[in-house]
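Me: I've got a protein open on my screen and I keep tripping over the vocabulary. Can we go through it together?

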Amino acid sequence: MVPFTERVVQIISEIPAGHVMTYGQVARAAGNPRGARQVVRVLHSMSAKHNLPWHRIINAQGGISTPSDRADKGNRQRDLLEAEGIVFADNGKIDLHCYRWFPEEEYI
């Protein structure tokens, strides 16, 4: 694994239950502020292998990002987050001020 990918995996694996991070936030913490799409790639290709809590990564608006043909995955993500105590607003978004997690400064 390249260093950026290793950091992304480590950061995501350390997000505590009941908290979330955004794709861009993970990318910045891993050292590439413009690497949000790379975070998506890491989640897609390595979540199962590294047992990553993929459901704790959301978009910058506090919403779940899933393609329209994958609504089942979005529903599953919401169910997993709600099971951890995260509350969604009526607009389907998560209050980032309440649930966003910030990793230790050592990554940044």
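Me: Leaving aside neighbours within four places in sequence, which residues is His-55 in contact with?

Reply: Those are Gln-77, Leu-80, Leu-81 and Glu-84. Contact here means heavy atoms within 4.5 Å. Before we go on: this is a predicted model, where local features need pLDDT of at least 70, side-chain atom pairs count only at pLDDT 80 or more, and totals for chains, interfaces and linings use all residues. Residues are numbered from 1 along each chain as its sequence is written, and side-chain values use heavy atoms, with hydrogens and water left out.

Me: Why is His-55 called buried?

Reply: Buried means under 20% relative accessible area, exposed means over 50%, and partly exposed is in between (1.4 Å probe, protein chains only). His-55 comes in at 9%, so it counts as buried. You'll find it in the loop between H3 and E2.

Me: What makes the pair His-55 and Glu-84 a polar contact?

Reply: You need a pair of N or O atoms within 3.5 Å; within protein, one must be able to donate a hydrogen and the other to accept it, and residues adjacent in sequence count only if both atoms are side-chain atoms. The side chains of His-55 and Glu-84 are joined at 2.8 Å, so the distance fits the cut-off.

Me: And what is Arg-78 called, given its relative accessible area?

Reply: Arg-78 has 30%, so it lands between the two cut-offs and is partly exposed. Its place is in helix H4, residues 71-83. Not counting residues up to four places away in sequence, Arg-78 touches Ile-64, Phe-88 and Gly-92. With Gly-92, the C-alpha atoms are 9.2 Å apart, and the two residues are 14 apart in sequence.

Me: How do you know which pieces are helices and strands?

Reply: They're DSSP runs, numbered from the N terminus: helices are H or I with at least four residues, strands are E with at least two. By that rule the protein has 5 helices and 2 strands, in the order α-β-α-α-β-α-α from the N terminus.

Me: Which residues of helix H1 are buried, and what puts them on the same side?

Reply: In H1 (residues 3-13) they are Phe-4, Thr-5, Val-8, Val-9, Ile-11 and Ile-12. They cover an arc of only 165° around the axis, which puts them on the same side of H1. That arc is taken from the directions from the helix axis to the C-beta atoms. They pack against E1, H2, H3 and E2.
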